[in-house]
Each structure stands twice: as C-alpha cells, then as structure tokens.
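Student: I've got a structure to go through and I'd like to talk about burial and charge pairing. Can you show it to me before we start?

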Amino acid sequence: MCCMSTPNPKQIQLFCLPLVGVTVGQVKRLSPNIRGIVMKKCLLLSLALICYGCSVPSSFWFFDLNRDASTPDGEKGASYAARDTGVKPDQSDLPLSEPGDQTEKTDRVLSKVLWTQATPTNEPSPEISRETAEDIALLETAPVFEQAEGHTVASNEVVFDFPVVENDRVRYFIDLYSGSARGTFKRWLERSGRYLPMMREIFAQYDLPLDLTYLAMIESGFTDRAYSWAHAAGPWQFIESTGRVYDLHVDWWLDERRDPEKATHAAARFLTDMYEFFDGDWYLAVASYNAGMGKIQRAIEMYDSRDFWKISRGKYLQEETRHYLPKLLAALTIAKQPEKYGFTDLDYHAPLKYDVVEVPTATDLELAAELCGVSYEEIKRLNPELKRWSTPPSAHNHSLRLPQGSSERFLEKYLQIPVAERARYKRHEVVAGDTLLKLAQRHGIQVDDIVRLNKISNPRALKIGATLILPLRQGYTSRPLDELEDDYVRTYRRTYTVREGDSLWKISRKFEVSEKQLRVWNKLGWSNLLRPGQKLVVSAAGAKSARSSRPAAKRLVYEVKSGDTLWDIGQRYNVGTREIMNWNDLDHDHVLRPGDSLTLMVAPGHSG
C-alpha cells in the first residue's frame with residue numbers, strides 16, 4: 001500500500017513529459033498525430049507510476065514517440081531502451097581505417113538472411129540472390145571502430161537544397177560507395193530513376209528539400225520489399241505503429257508501407273514533424289527518423305549540445321544512428337555528381353508511371369493482368385502493397401494501379417464480368433466442424449479441387465486454424481498457394497555484446513524479448529552468468545519456407561523456347577514466377593531469349 005498521497009493524473013502527466021523526452025512547450029508545437037501519441041503514453045506512464053508508487057525506474061517505462069516499443073533501441077523501428085549514461089572520450093585524433101571489402105560481409109548475409117515469414121522452427125531459410133544480399137550488406141555497413149568526424153566543411157562544389165558538409169565520416173562512406181561497394185551503389189543509383197521523380201513531386205507539396213528524398217536510398221536502396229529485423233518495411237522503412245499514425249494500413253492482405261506513393265506522403269509528414277520539433281535543424285530531424293525523436297532529445301540533454309556531430313561522438317546513440325547522417329550526405333554527394341566518382345555508365349530505370357482505377361469488389365490480379373494484356377508480375381510490380389493474389393476482400397473501391405494507357409480497356413471489359421467471377425479464389429481459415437465436403441457444398445465447388453490445389457495429404461484431418469484456398473472457378477493455378485508466403489526481404493538475427501553491469505532482465509527489457517527467449521536462443525539453461533564481451537542473440541531466428549515440408553524438389557534445367565514467358569514456364573512446371581526469378585537471379589524487367597537456360601526446382605515426377 002502506498003504511504004504517499006497520490007497525485008492527480010494531470011499533475012503526473014506534466015511530470016511524465018520530461019521522461020518521454022519532451023517539454024510542455026514542445027508538445028504544443030507537435031502535430032496532432034504526434035501530440036496524441038505523447039499524451040497517450042504519458043497517461044500510460046501516469047497509471048503505472050500511480051500503481052507502483054513512483055518506485056519503478058523511469059527507464060523501464062520510457063517510450064519512444066515514433067518507434068515501436070517491441071523493437072530494439074537505436075535501429076529502424078527501435079524503441080527506447082534503458083538509458084546508457086556512459087560517454088566515451090573524444091577520439092578526434094584517431095585515424096580512420098579504410099573501407100573494407102564488401103565481399104566477405106555479403107557472404108555472411110547470404111548465409112544468415114531471412115527470406116520467409118518467421119515460424120517456430122530453427123531450420124535454415126531458403127537462399128536469396130547475391131544481389132539482394134549485397135543490398136542488405138551495404139545498408140547495414142558501418143565502421144566497427146569508434147571515430148570522430150574530423151574537420152567539417154561545407155560542400156560548395158554543387159548546389160544542394162539540403163545542408164551538405166564533408167568530413168572524415170562522410171568521406172568514409174563516399175570511399176565505400178565509390179570503392180568496394182561500387183556495384184551495389186550503382187544499382188541503387190539506377191533504381192532511383194524509377195522513384196525519385198514521384199518522391200520529389202510529393203516532397204515539393206510539403207515544401208521539403210527535394211534532396212532529402214535520397215533518405216529512401218540509405219533506408220532501403222529503393223527496394224519496396226525491404227524488411228528489417230526490427231519489422232520496418234517498405235522504401236521508407238516504417239514500423240507498423242508509426243505507419244498507423246501516418247495512415248499506412250497493414251493486414252494479411254496488404255502492407256501500405258510498401259506503397260511507394262503513400263509511404264512517401266507518410267515520410268514527408270513525419271520528417272516535417274521532426275523538423276518542426278527540432279526547431280528547423282535538419283540534421284537532428286534526420287537522426288530522429290532513425291533513432292526516434294525522444295532518443296535524440298535525450299542525447300541533446302546528455303551532451304548539452306544541439307550539434308549532431310558532437311552528440312554522435314559518445315556511445316549513447318547507437319552506431320547505426322551515428323553513421324546515418326554521414327551515409328545520407330555521402331549518397332547525396334555522389335548522386336549529384338556521379339561522373340566525378342567514376343559512375344559513368346549508369347542506366348537509370350524509367351520513372352514510375354501508371355493509371356489508377358477503382359475496383360469496387362475483390363478482384364484477382366490474374367484477372368486484372370488478363371484484361372490489361374500484361375503479365376501477372378507487372379501488376380504485382382505496380383502494386384507492391386498487395387501481399388496476396390487479390391485486392392483485399394473487405395476493401396470497397398480499392399485503388400489498383402495498371403500499366404499506363406490500359407485503364408480504358410480494363411474498365412470496358414471489367415464491368416462486363418459478374419461480381420462473383422472477379423475473385424477466382426477464397427481464403428478460408430479452418431474452424432471446428434469444418435469438412436471438405438461441407439466447404440465444397442457451401443461454395444459449389446469440388447472436393448477434389450480443394451485437395452489438389454492445397455496439396456492435402458489426408459482429407460479427413462483438417463487442422464483448426466489452417467488456411468485453405470478454395471478454387472471458385474475451373475482453370476485454377478497454384479499462384480494463391482504461392483502467395484500465402486510473404487515476399488519481404490528480411491535481414492538477419494540481431495546480436496548484442498554484453499557490457500559491464502548487464503543482466504538478462506536488463507537486456508530482455510532493452511530488446512523487448514523475454515528472459516526465457518534469451519535463454520533458449522543462447523542455450524543458457526537457467527544460468528544467470530553473463531560475461532562482458534559475450535555475444536548474445538537478441539532477435540528471433542528465421543524459419544524454413546512453408547513449402548519445405550513438401551517432398552524434396554529436384555533440379556531441372558529448362559531451355560527457353562521462342563514465345564516463352566516466365567508465367568508460361570511456371571504454369572508448365574507448377575512453380576511460381578517469383579521462385580524462378582530467385583533461382584536464376586533475374587530482375588523484374590529481365591527479357592527471356594530463346595536458348596537461355598533456366599534452373600527450376602520442380603516436384604518429383606513433374607516433367608512439365
């Protein structure tokens with residue numbers, strides 16, 4: 001029982017504001033979205049303090065305002081962790097080491113990266129393409145040593161609308177991007193041609209620096225399927241909670257964080273909020289995009305400085321945050337004058353262009369592709385937010401992007417198709433009492449078709465909670481089954497180096513996992529003994545593909561014939577087009593030529 005008088009909630013909210021890294025004056029300047037989050041979290045903190053008599057350390061209840069509390073500190077999507085008050089001395093006299101060869105890091109990523117949705121298993125994940133591994137390795141690259149930035153000077157060689165400077169930290173990444181990582185950075189520059197015109201147009205609407213659009217490059221390499229271990233997704237790497245604040249919807253059917261246009265609007269609003277919060281300092285605003293508004297505010301208070309370079313010299317900010325701004329400045333410096341750094345053969349992707357139509361009911365993307373006279377992959381490429389084979393069944397008037405110039409032909413044919421025939425498949429989650437016969441009778445389909453499409457080995461034993469795809473029409477394919485697997489490109493497991501004074505409880509709170517999980521992942525048993533310097537795994541492992549429980553596939557080499565498409569070949573061998581592309585390291589815009597050889601992994605006994 002608390003022996004002290006209990007303050008009223010309003011008093012405690014005012015008391016709690018400093019604990020979440022803001023002042024009353026700053027709250028008044030926040031946008032309604034952010035202000036609502038601040039006050040909500042202050043209320044939660046108030047209730048906690050009332051219940052515990054203000055005896056719980058503030059670091060335990062510390063919330064970040066723009067990053068999810070379920071992910072680790074300082075990373076994309078990271079929340080606040082316990083405050084680290086240790087400050088390393090200024091190391092401005094330490095020399096910079098040369099950027100290392102990226103090949104070794106890429107090889108490590110190839111062996112560790114997670115490609116499929118996490119499930120409770122420790123079996124290895126399917127391999128990813130080397131190009132994807134190189135993207136991930138470069139996105140995560142940071143010097144492993146501590147360094148000061150050296151002398152900082154303004155860059156006057158070219159015109160920027162964002163404050164660009166140069167110093168040793170920036171030059172480190174310039175040397176890296178134009179040196180050992182040249183091939184990967186070249187692909188990023190070429191991909192930028194697809195997205196930058198649209199992103200600049202949106203940023204102009206918010207009166208933001210147009211050069212700031214390159215932030216998407218160091219977040220994702222302009223890859224809409226990028227998905228961090230901290231659950232951040234899309235070209236702008238939003239986590240779910242922040243995405244919801246900025247109107248990005250995520251569910252089983254779609255992930256609007258992957259929508260390049262909607263996500264760019266969200267990023268523009270988010271950056272505007274951070275810029276206003278930090279009184280017009282772009283460097284602090286950019287750093288807060290990575291680490292969180294509260295984290296940067298605490299660093300300012302800890303080091304008594306609003307100079308990004310000064311607050312990034314100590315160890316309070318995570319390594320990723322300390323190198324985040326230098327990466328952006330390096331990318332901007334090269335992108336503005338690529339020829340100076342040896343990028344003389346760039347083949348920029350064509351700008352993203354499309355028509356938009358409103359589909360009133362659930363519509364299969366296969367049908368949309370047929371009506372437009374293009375491939376299924378083209379429709380998926382234009383609509384990366386759609387995770388499955390169809391527009392969401394619950395969404396009325398869903399905005400569907402189609403190839404430029406095809407909307408009139410699409411609508412003319414689409415409106416002639418009965419509503420019941422626009423969706424060829426239905427997702428069904430098995431509940432108690434379900435049988436294949438009941439499902440077949442309810443939907444007017446054949447039991448054998450359900451068995452064949454879902455590859456059911458025992459029709460009498462349906463598992464409650466399992467997902468079945470019901471083929472509502474003849475001529476069905478395996479595509480919906482393939483699309484049950486998310487196609488995010490995931491990063492590998494996170495590790496943490498134990499420091500003096502750490503405990504399992506402290507580390508579990510820092511990374512928002514349980515002590516039991518830490519024990520299991522690191523085979524600690526019931527031991528609480530930790531040693532400074534010890535490496536601990538602090539994030540969940542990847543899992544095998546949902547298909548890995550099926551019979552082992554055999555390798556087949558197929559010679560491309562005149563008129564072949566990836567979709568035709570996939571239908572012939574009952575494999576997904578995306579799988580063929582992954583097996584053969586093909587880009588979305590790859591053109592097949594007669595005589596080309598493709599590696600296929602097909603089911604035993606399937607000869608095409």
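Tutor: Sure. One term up front: buried means under 20% relative accessible area, exposed means over 50%, and partly exposed sits in between. Also, keep in mind that this is a predicted model.

Student: Okay, how many of the residues of helix α16 are buried?

Tutor: Helix α16 runs over residues 365-372 and is mostly covered. The buried set is made up of Leu365, Glu366, Leu367, Ala368, Ala369, Leu371 and Cys372. Out of eight residues in the helix, the buried count is seven.

Student: What covers those buried residues of α16?

Tutor: Both helices and strands take part. The strands include β5 (398-403) and β6 (425-429). The helices include α17 (376-382), α18 (407-414) and α21 (479-482).

Student: And which residue just after α16 takes a positive phi?

Tutor: Look just past the end of the helix, which spans residues 365-372. The phi there is about 70 degrees, and the residue is Gly373.

Student: On to charges. How many salt bridges turn up in the whole structure?

Tutor: Side chains of opposite charge can pair when their charged atoms come close. The cut-off here is a Lys or Arg side-chain nitrogen within 4 Å of a carboxyl oxygen of Asp or Glu. Searching the whole structure that way gives 14.

Student: How far apart are the closest N and O atoms of Arg381 and Glu378?

Tutor: Arg381 and Glu378 are three residues apart in helix α17, so about one helical turn separates them. An α-helix has 3.6 residues a turn, so residues three or four places apart point the same way. Arg381 is partly exposed, at 28% relative accessible area. The two form a salt bridge, and the closest N and O atoms are apart by 2.7 Å.

Student: Which residues are joined into one network by salt bridges that share partners?

Tutor: One of the bridges here links Arg171 with Glu166, with the closest N and O atoms 3.1 Å apart. Arg171 is partly exposed at 30%, and Glu166 is partly exposed at 21%. The network joins Glu166, Asp168 and Arg171.

Student: Last one: is Arg244, the salt-bridge partner of Glu240, buried or exposed?

Tutor: Both residues lie in helix α9 (residues 240-245), four residues apart, and their closest N and O atoms are 3.7 Å apart. Glu240 has 38% relative accessibility, so it counts as partly exposed. Arg244 has a relative accessible area of 53%, and the cut-off is over 50%, so Arg244 is exposed.

Definitions and conventions. Residues are numbered from 1 along each chain as its sequence is written. This is a predicted model: local features need pLDDT of at least 70, side-chain atom pairs count only at pLDDT 80 or more; totals for chains, interfaces and linings use all residues. Side-chain values use heavy atoms; hydrogens and water are left out. Buried means under 20% relative accessible area, exposed over 50%, partly exposed in between (1.4 Å probe, protein chains only). Helices (H or I, at least four residues) and strands (E, at least two) are DSSP runs, numbered from the N terminus. Contact means heavy atoms within 4.5 Å.
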